[in-house]
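This report covers strand pairing in one model. The sequence and structure are shown first.

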Amino acid sequence: MTLAFVFPGQGAQTIGMGKALADAYAAAKAVFDEVDEALGESLSSLIWDGDIETLTLTQNAQPALMATSMAAMRALEADGVDVTRAAFVAGHSLGEYSALAAAGALSVADTARLLRTRGQAMQSAVPVGEGAMAAILGLDLDAVRAVAEEAAQGEVCQAANDNDPTQVVVSGSKAAVERAAEIAKEKGAKRAVMLPVSAPFHCALMQPAADVMAEALAGVEIKAPAVPLVANVRAEAVTDPDLIRQLLVEQVTGSVRWRESVQYMVAQGVTEAWEIGAGKALSGMIRKIDRAVACSAIGTPEDVQKALQAGD
């Protein structure tokens, strides 16, 4: 089987995530210690013993999810599975940073600081209440793009996440996104759900955050990843550090082309995907994109052992 490691994005966070890994593996605990030190605060205490509202704040959720993914990765490595077992790494939005850390392109400390900056910049790019996102269920990407264009009426409204054949997320100005939700239902969408997010991610309104990330990324060393990254905005493999840096900036305002990214990996021979970190959201999307891909979620010591046994 040809394997891909995939890394979850925002929304997967839960209180207690990664704790069992940190208790079972010294290398996993070391990840949380490194993230705490990089940020100058005990993010691990928030992750394991805090409240979900505080953890869900973008500036906390982004480094926290990366820490959990990297703890799972270090647990796998401790048991003899390193990133080169995979043909590709890919991540959904912030998960792209986790993928790059897993592949050795970014240090864990730099990744934590970048994601804290990214979270703060994305949150502050648009005043609270002025932006929104909505998941459109039951229309394909082209149909949703047409809906977004009709709904914009001079405001920003874009297809932000092409998650799977049944779900595309629109992002932009609150009134425009609300219009898009209504128009989508008129055009035959099964549902249009306003999302409980604090900012309109992956649309042109995020340009101030993209500018912040361009500056932050310019000051960080990016190495060639040990395995190719399938980039969100290109839906194809990249390895050049300068291109990766550029695409991470583009990603802030660009669409997350997850459906196409999975299709690209399948076309390259991927038959199995391990979701490294919190939750199982990507596994669900991948199954809708291509049922032939075998998916495993790896977020606990038990998950690590199951994956090892399956791989023997």
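## Model

The structure is a predicted model. The sections below take its strands in turn, beginning with S1.

## Strand S1 and its partners

Strand S1 spans residues 2-7. Of these 6 residues, 5 are buried, so the strand is mostly covered, with buried taken as under 20% relative accessible area.

S1 runs parallel to strand S9, residues 270-276, and 5 bridges join the two. Within this pairing, Phe 5 is set opposite Trp 274 of S9. S1 also runs parallel to strand S2, residues 88-91, through 4 bridges. Here Phe 7 has Gly 91 of S2 as its bridge partner.

## The four-stranded sheet

Four strands form an open sheet with antiparallel pairing, in the order S4-S5-S3-S6. Its edges are S4 (157-164) and S6 (191-194), each of which pairs on one side only. On average, neighbouring strands in this sheet are turned by 25° against each other, with direction ignored.

Inside that order, S5 is followed by S3. Strand S3 covers residues 131-137 and strand S5 covers residues 167-173; 7 bridges hold them in antiparallel pairing. Across this pair, Met 133 faces Ser 171 of S5.

## Helix H9 over the sheet

Helix H9 is formed by residues 174-186. The helix lies across S3, S4, S5 and S6, the strands that make up the open sheet. Relative to S5, H9 runs at about 145°.

Technical notes. Residues numbered from 1 in each chain as written. Predicted model: local features only at pLDDT ≥ 70, side-chain atom pairs only at ≥ 80, totals over all residues. Heavy atoms only, no water. Buried < 20%, exposed > 50% of the residue type's maximum accessible area, 1.4 Å probe, protein only. Pairing = 2+ DSSP bridges. Axes fitted to C-alpha atoms, helices over the stretch in contact; angles between N-to-C directions. Contact = heavy atoms within 4.5 Å.
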